[in-house]
Structure formats: C-alpha cells, structure tokens
Amino acid sequence: MDLKTMTYIVVGATFALYFGIAIWARASSTGEFYAAGRGIHPVANGMATAADWMSAASFISMAGLIAFQGYEGAKFLMGWTGGYVLLAMLLAPYLRKFGKYTVPEFIGDRFYSDMARFVAVVCLIVISITYVIGQMRGVGVAFSRFLEVDVATGLYAGMGIVFVYAVLGGMKGITYTQIAQYIVLILAYTIPAIFVSLNLTGNPIPQLGLIGDHTSGVPLMEKLNQTITDLGFGKYDGPVRSQLDMFLYTMSLMIGTAGLPHVIIRFFTVPKVSDARWSAGWALVFIAILYTTAPAVGAMARLNLTDTIQVGAVGSPDGNLSYAARPQWFKNWETTGLLKFEDKNGDGKIQYYNDKNKAFQAKAEGFGWKGNELTKVDRDIMVLANPEISNLPNWVIALVAAGGLAAALSTAAGLLLAISSAISHDLLKGMIRPSISERGELLAARIAMAGAIFVAGYLGLNPPGFAAQVVALAFGLAASSIFPALMMGIFSKRINNHGAILGMVSGLSITIFYIFIYKGFFFVKGTEWYASVPANWWMGISPEAFGAIGALVNFAVAYIVSMATAAPPQKIQDLVESVRIPRGAGAATGH
Amino acid sequence: MATEDKSGAAYWSANLRLVAFCLVIWFVVSFGMGILGREALMGVKVGGLDLGMWMAQQGSLYTFVVLIFFYAIRMNALDRKFDVHED
C-alpha cells in the first residue's frame, strides 16, 4: 500500500476515534463542561495532562532544537518538566481544594478584587491565544506535509474535529480525547526512536543508547563530538555561552509551566486533593517518557544527518555524498522546502560544514569547498524524517503524522477550554451577569468555545509575523504574573488586593518591556531599540529568560505594597486556611 | 512526654518543611548539578556522558518524577496523622 493511502487510513482512524469519544462524552452541566464533573481518575488525568501539555512544538520541534544546541538544549528538558514539581507542591492540591473552575476565579476571590480577576483574565487570554496559534499552524503543516493537502484545508479539518469534541463535551470530552491522543503520540514518538537507537547503538532503549557505545565501538557521544568537530562545528556537549542565561531560561520555563492556566485547570478534574498530588506525578511520568527520549533522538539524528552527507574522511576526494546519489528521504524533504542544497563549488557533491568557523575556513578552502551547501536544514526534520532515515515501514511514517496531529489537537483543545471558561465563567457569570442560569452559562460556554475556535483558526491561517516569538511571551507572562500571584495567594495570608494587583502589573510590564525592546514593540519590526544578540542583552540575559526576573519583581512589589497597606479581611484569611487543609474538597465543588 | 501538636498550624509547618526539603533536591539536581556545578563534575561519567550533561538531559527528569511521588506519599501520611484527610 502506498504511503499516502496508509497515512489517510491511520489519520482517519484516529479522527474517527476522537469523534466517537466526543459523542460518548457529552457534557450536560457546567460542572462537566468546566471540570469533567471532577470524576477523572488521577492516572487518567495524568495521561490527559501529558497530552494537554505536549504540544506540536514538543513533538515536532524539541528534539531538533536539542540536536543543534547540544548540551544547552537541556534548558527545555529541565524547564518543561521541573515546573511539574512546583505545580505538585505549590499550586495544584490547594487550587483543587479551593474547588472552583478557573484560575482567574481564585485570584479574584483570594484578593477580593474584580480588578485582580480581570488582570488574570487578560493574562490568560493573551497566553492561551498566542499559544494556540502555534497549535493550529502545527495542524495545518502536519496535514500539508503528510497528506499533501494545502495548509488551509488541513486547518479546517483540524478545526472541525476540535469543534465537535470541545463544543459538545467541554472538559469531559477533551479529557477522554486527550487520553487517546496521548497513546497515539507516544507510540508515534517512541517507535521510530527505538529503531534509530538500534541502528546506531544496537540498544533498543534510546535513553541507554544515548549513554552507550556507537556500533563502531566508541561511546556515542565521543563519536558525535568527533564527527561534528571534524567539520568545524562546536562540541555537542561543549560549554554554554552564559551559565546565568541558561539558569534563568530554565527557571523561566519552569515557573512559566507551573503558571499556565490550561495545565492548572486539568487538576480541577480529579475527585480529591490527594488525587491532585498523585496526578501531577503521573503526568510527569507520561511526559518524561517523551522528554527523556527526545535528547537521544536529537543526538542520534544529528549524527545520522552528518554521516549521511560526510560518507568518508573529511577532505578526501570521495569523502562527500554525491548529490545524484542522495537517498529518497533527502529528495522527499527537499520538495517540502525544509531541506535545501546549493552546489556552491559545482562539484556535484554535498559539503555540510560550519563555514562560520574562521579556523576551519582555511582548511575548507584547501579542499576546494566554497561554503556550506546544505543551505537549509529545518530542525523539524530531525523528528519527522526519522522513520524514513531508518527505512521503517510506511505505517510508522503514517503514525508519525497522526502523532503530530494528536499533539497539536490535544494542546489546542486544552487552551481553547481555558479561553472559553475565562470568558463564560469569569467575565460573563463573574462580572457582567452573575444572575445567569446554569443552562444559560453552559450555552454561553459552548458559544465562547466556538468563537475561540474560529479566532484560533483565523490566526492560524493568517499568523501574525511574530508567531515564532510568542512562546517567549506566553511563558514570560505566565512566569511573571500568574505563578507568583497564585503562590502568594496560597502561602501568604498577608498579601492583599493592592499588593497582588500591583505585583502582577509590574511583573508582567517589566517582562513585556524587556521582550519588546529586543523584539520590537508589539513585535512590529523596526521598533526594537537594540538587535537581539547576546552582546546587547542586559547581563547577557536573553528575552526568553527574563520571565524569572519578572516573577522576582512581582514578588518584591507585592510584598512591599502589602506591608504598607491594610492586611486582608478575616474572611480572606479564613479562605487561605481552608485551602491549606485537604478535608472537604469533595463537597466543595459548587460555586 | 508532651502530647503531639495536632493543630492546623503544626500540619502546615510540617507541610512547609517537606516542601522545602523537596525543593532543595529539585534545585540541586537540575540547577546545581546540571548547570552551575557541571564543570566541577566533569570527571564523573555516566556511560559516555559526563555527569552534569546526564543530569541536565536525563537524571534531573527522573529525579523530578520520584520527588513528586515521594511528596505525595509523605503528604498523604501527614494528612492522616493530622486527621485532615478526605473520605
């Protein structure tokens, strides 16, 4: 069976599954729509959280990022998992005990202020919208690459699927679909990784292959270092430019992760406080399966790619692959534009080396090389082309397509729920029309969900030019505004409304300002004050790493302002007391 | 022999001690061994990787998982001890 038919069958089967779940798991109350009736088993919620969390970027791009950054890529691995430790110990159990439906609702109640709630709603919507653009884009791109339809058609199909199960089922439908999506995406990720590891190291477990020996007998890492330094690239496990930057980058991703509303609300779906603790552990188990595989895939894919091009000794006449003899997967990915070759010295062979390395340049000229000829190697290839590079059967390639779609759709659905519940529950029920009936609110939630899907789809089709930059913004905002507000709300009885509001506003202002002066105000090109290069950054701190500083500012401002103004009223202090005690969470599910 | 303090305040401070202990480990395995202390640990190997590199790309993730389960088990025990558990 040809690849295209196979891909249609596999992707079609997964979509039919999601559709079936949607019909079965319809929501009949706001409790089911917002929090799946709080009846999700902690292991099941862990799996759903893992799918909710692992986006198109985790599935498609992360291993490639690590492949080209080497050791420093660890900031994504630690940053995007370490946040779960913070969630499990500092936020999730207490917010579950609080027993309401949204993150802004806690901030509004705890800081007895509609203003605080409103600031949180704005942060939530900005974070989630920027994040969802990337997912919708991911759906369109996955469709276009594997099913050879255009991006727009792919995007409409994705919107249609999400529409059915998110509008009908709300959190309940999304949860059960995410469980199915997790299984699809984890199989799609690990099966090719096992074969790549077997080919290169003889060990079927990628995590062991990474620390093991290459089939040539030397350790894999030594072999990789040798191969790439011979071509003028830096050592794979070499030192980083700035330890401070890597430290803050990792910290920003960790506290940003813990402050992402669409992740936090997943913990509202379990029956008890103790379940929220277990569930965070299970979520991280399921996430770590992919996240510990990714660095092995990154290192191995980098070695595979280099070895494919540099077939013999560097500089020898037959050392480089002839373009005419390039493998089929090379041709496939050339047609997508993700891989580009330009024969600069006209010898019909491919030279792939670091032409920015001055010391290596002289050597390269001696070989008759006139610059790096692989003019584009998109990092996404590192995951997407893996099955082809390892000559795996068509059904594995089809599965990777379904896995990429599952990763993008599951994250999109979680984000859309966070957006729609903020609109129907925080803005409409909470501020505009508190008297709205249960049925009215459920209808409003469904309409808000439908609206959010259309906005996300529109932005996915017409992505603002800054789409690539927005991840920094999403994590920076979550780290500098939501995480500190939630943590102080639970761990301090003294932080009051003024402190919390000014803390959030100053934390996120300074973070946005720092991002804007290097990336352009509102990401408009030409409005930046400085080029975003390490020499210009304050103390060498990249804009992506600044969320941790913003969080620090938030904590400091909130503390100082609260100390200078009146303590919160007794009933708020009692609320904090009750959030800290698990007993009674089962009953506290009302409004 | 003094009777044990079973108040809400004692429960909360026991919780804070446990969280602090876990977060020290969280910090040491990732930021400590994986980033700041990597140079110092260069001589120690985990298979073909140096310990700092392994902690940064593998070991800290495993530790995080163990840490959350450890916390959940200990907290559930504390909930019972201080009689604030559910069911």
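This is a short talk on how two chains meet in one structure, and on the spaces and salt bridges found there.

Hi everyone, and thanks for coming. Before anything else, please keep in mind that we are looking at a predicted model.

Let's start where the chains meet. How many residues does each chain bring to the contact? Chain A brings 55 residues, and chain B brings 45 residues. Together they bury an area of about 4,400 Å². Carbon and sulfur atoms give 70% of that buried area.

There are polar features here too. Between chain B and chain A we count 14 residue pairs in polar contact, with both residues at pLDDT 80 or more. On the side of chain B that touches chain A, the elements giving two or more residues are α1, β2 (49-50) and α2 (51-81) of chain B. Which of these gives the most? That would be α2(B), with 19 residues. If you sort this side of chain B by class, you get 28 nonpolar, 10 polar and 7 charged residues.

Salt bridges come next. Over all chains the count is 12 salt bridges, and between chain B and chain A it is 2. If you'd like to find a bridge across the interface, look for B:D83 and A:R583. Their side chains meet with an N to O distance of 3.1 Å.

Now turn to a bridge inside chain A. A:R117 pairs with A:D426, and their closest N and O atoms are 2.7 Å apart. Where do these two partners sit? A:R117 is in helix α7 (residues 114-147) of chain A, while A:D426 is in helix α18 (residues 394-432) of chain A. The pair links distant parts of the chain, 309 residues apart. Please remember α7 and α18, as both names will come back.

On to the empty spaces, beginning with a pocket. The second largest pocket has a volume of about 280 Å³. Its lining is made of 15 residues, and those nearest the centre are A:M251, A:I255, A:F483, A:F555 and B:W26. So both chains have a hand in this lining, as the elements giving two or more residues show: α5 (74-98), α11 (243-258), α20 (470-491) and α22 (547-564) of chain A, together with α1 (8-36) of chain B. The most comes from α22(A), with 5 residues. What classes of residue line this pocket? The lining has 15 nonpolar residues, with no polar and no charged ones.

What about cavities? We count 2 cavities of 30 Å³ or more.

The largest cavity has a volume of about 60 Å³. Around it you will find A:F59, A:A188, A:Y189, A:P192, A:A193, A:V297, A:V383, A:N386 and A:V400. Helix α8 (residues 151-201) of chain A gives the most to this lining, with 4 residues. By class, the lining of the largest cavity has 8 nonpolar residues, 1 polar and no charged.

The second largest cavity holds about 40 Å³ of space. Its lining residues include A:I60, A:V141, A:R145, A:F146, A:V400 and A:G404. Here are our two helices again: α7 and α18 of chain A each supply at least two residues of this lining. Which gives the most? It is α7(A), with 4 residues. The classes for this cavity come to 7 nonpolar, 1 polar and 1 charged.

One residue to look for on your screens is A:V400. A:V400 is listed in the lining of the largest cavity, and A:V400 is also listed for the second largest cavity.

That's my tour, and I'm happy to take questions.

How values were computed: Residues are numbered from 1 along each chain as its sequence is written. Chains are lettered from A and ligands numbered from 1 in the order in which they are written. Side-chain values use heavy atoms; hydrogens and water are left out. On a 1 Å grid over the protein atoms alone, a cavity is a set of points where a 1.4 Å probe fits but cannot get out, and a pocket is an open set with protein on both sides within 12 Å along at least five of seven lines; lining residues have an atom within 4 Å of a point. Grid points are joined across faces, edges and corners, and a volume is the space filled by probe spheres set on the points. Ala, Val, Leu, Ile, Met, Phe, Trp, Tyr, Cys and Pro count as nonpolar, Asp, Glu, Lys and Arg as charged, and the others, Gly among them, as polar. Contact means heavy atoms within 4.5 Å. Buried area is the accessible area (1.4 Å probe) that two parts lose on being put together, summed over both. A salt bridge is a side-chain nitrogen of Lys or Arg within 4 Å of a carboxyl oxygen of Asp or Glu. A polar contact is a pair of N or O atoms within 3.5 Å; within protein, one must be able to donate a hydrogen and the other to accept it, and residues adjacent in sequence count only if both atoms are side-chain atoms.
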